[in-house]
Amino acid sequence: MSPTNVDPRRPSPTGRILRYVLFAVVLAGLGVITALAVGASLGDRFSATSQVLVRAPVSAQIIVTGNPGTEENLQRVVDTDLQIAQSRDFLSHVASQINNASVTADTLSHDLVTATIGDADLIAFTASEPDARSAQTVATVAATQFVSYVRTLSGGDLGTSTSQDPGVIAAQLRQQLLQTLQPPATIASPASSAIQVRPNHPRDALIGLTGGLVVAVVGIALGETVLNRRRVSAAATRSA
């Protein structure tokens, strides 16, 4: 193509690249700013975890009870303990022990997560609250109350209870299993500190940056497609 046939309105390859880079930088910056603003608007959130040991090693079972039990029955004890920890009756009990009117069984059902760790020897109580002290308090109270709660359930006569609460049903099963196993429940690790999980500025910035770049790449690809179609159409019109 001779120089006289070059469209002066068409930017050079270098100019196009610079425009695309500027476009990507602007969108990435907007993505970061938006993600940081959204993260900040959600408010502070802190997380703290306490751990409870719900079964002893088999060697300890032999020393204490003379009966190591079976792995299946030991696991059933852990499973029923987890059901008890997640039951509304237990959550109501924990809420009653915390001097905070905003903490109820309903809020704990969302803000207190219970789960087994590793090979299921431990149950972790992870609390998520607006401040570090509250998170530590909820996690610690949940663990300490769980230890005393299951001991109370195990010592009571639940065999004739007709309650349909999952926690009571699990406690009945646990009571039957404990007649031969008697595994202790002890606090293995109280919540000594809390970590801030929101806002997480590095994470939010990375999410915003990634999102902005993805949008920029998609936008550039669509823009190039549209421009190429117009050039082909214009060239076809001129040749006609």
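**Exercise 1. Ser87 and its side-chain contact**

Task: Find which backbone oxygen the side chain of Ser87 reaches, and at what distance.

Solution. The side chain of Ser87 comes to 2.8 Å from the backbone oxygen of Ile84. The model is predicted. Next, place the residue: Ser87 sits in the loop that joins helix H3 (71-86) to helix H4 (88-96). Last, classify its exposure: the relative accessibility of Ser87 is 3%, and buried means under 20%, so Ser87 is buried.

**Exercise 2. Overall make-up of the chain**

Task: State how many helices and strands the chain has, and in what pattern they follow along the sequence.

Solution. Start with the count: there are 8 helices and 5 strands. Then read from the beginning of the sequence: the pattern is α-β-α-α-α-α-β-β-α-α-β-β-α.

Burial and surface come next. Of the 240 residues in the chain, 32% are buried. The accessible surface is about 14000 Å², and carbon and sulfur atoms account for 61% of that area.

The final step concerns contacts. Take those between residues at least 6 apart in sequence: 75% of them join residues at least 24 apart.

**Exercise 3. The span of helix H8**

Task: Work out what distance the 39 residues of helix H8 should span, and compare this with the distance between the end C-alpha atoms.

Solution. Helix H8 covers residues 201-239. The expected span is 1.5 Å times one less than the number of residues, which for these 39 residues gives 57 Å. In the model the end C-alpha atoms of H8 lie 56 Å apart, so the two values agree.

Now look at the start of the helix. There, a side-chain oxygen of Asn200 comes within 3.2 Å of the backbone nitrogen of Arg203.

**Exercise 4. Burial along H8 and the role of H1 as cover**

Task: List which residues of H8 are buried, and name what is included in their cover.

Solution. The buried residues in H8 are Asp204, Gly208, Gly212, Ala216 and Glu224. Their cover includes helix H1 (13-41).

Asp204 serves as a worked case. This residue is in helix H8 and has a relative accessibility of 9%, which makes it buried. Leaving aside residues up to four places away in sequence, Asp204 touches Ala35, Leu36, Gly39 and Pro199.

A C-alpha distance gives another link across the sequence. Gly29 belongs to helix H1, and its C-alpha atom is 9.3 Å from that of Ala205, although the two residues are 176 apart along the chain. Gly29 itself is partly exposed, at 30% relative accessibility.

**Exercise 5. A nonpolar patch**

Task: Identify which residues make the nonpolar surface patch of about 270 Å², and decide whether Ile17 is buried or exposed.

Solution. The patch is made by Ile17, Val21 and Val25. Of these, Ile17 is located in helix H1. Its relative accessible area is 53%, and exposed means over 50%, so Ile17 is exposed.

**Exercise 6. Salt bridges**

Task: State how many salt bridges the structure holds, then treat each pair by its distance and the exposure of its residues.

Solution. The structure holds 3 salt bridges. Side chains of opposite charge can pair when their charged atoms come close.

- Step 1. Asp111 and Arg45 meet through their side chains, at 3.0 Å from N to O. Asp111 is in helix H5 (residues 105-111) and Arg45 in strand S1 (residues 45-53), so the bridge links distant parts of the chain, 66 residues apart. Asp111 is buried, with a relative accessible area of 17%, and Arg45 is buried, also with 17%.
- Step 2. Arg88 pairs with Asp106, and their closest N and O atoms are 2.8 Å apart. Since Arg88 lies in helix H4 and Asp106 in helix H5, this pair ties together parts that are 18 residues apart in sequence. Arg88 is partly exposed at 47%, and Asp106 is partly exposed at 44%.
- Step 3. Arg203 pairs with Asp204, with 3.6 Å between the closest N and O atoms. Here Arg203 is partly exposed at 39% relative accessibility, whereas Asp204 is buried at 9%.

Notes:
Residues are numbered from 1 along each chain as its sequence is written. This is a predicted model: local features need pLDDT of at least 70, side-chain atom pairs count only at pLDDT 80 or more; totals for chains, interfaces and linings use all residues. Side-chain values use heavy atoms; hydrogens and water are left out. Helices (H or I, at least four residues) and strands (E, at least two) are DSSP runs, numbered from the N terminus. Buried means under 20% relative accessible area, exposed over 50%, partly exposed in between (1.4 Å probe, protein chains only). Contact means heavy atoms within 4.5 Å. A polar contact is a pair of N or O atoms within 3.5 Å; within protein, one must be able to donate a hydrogen and the other to accept it, and residues adjacent in sequence count only if both atoms are side-chain atoms. Patches are made of residues with over 30% relative accessible area and no salt bridge: like charges are joined within 9 Å, nonpolar side chains (Val, Leu, Ile, Met, Phe, Trp, Tyr) within 5 Å. Accessible areas come from the Shrake-Rupley method with a 1.4 Å probe; for residues, only the protein chains shown count as cover. A salt bridge is a side-chain nitrogen of Lys or Arg within 4 Å of a carboxyl oxygen of Asp or Glu.
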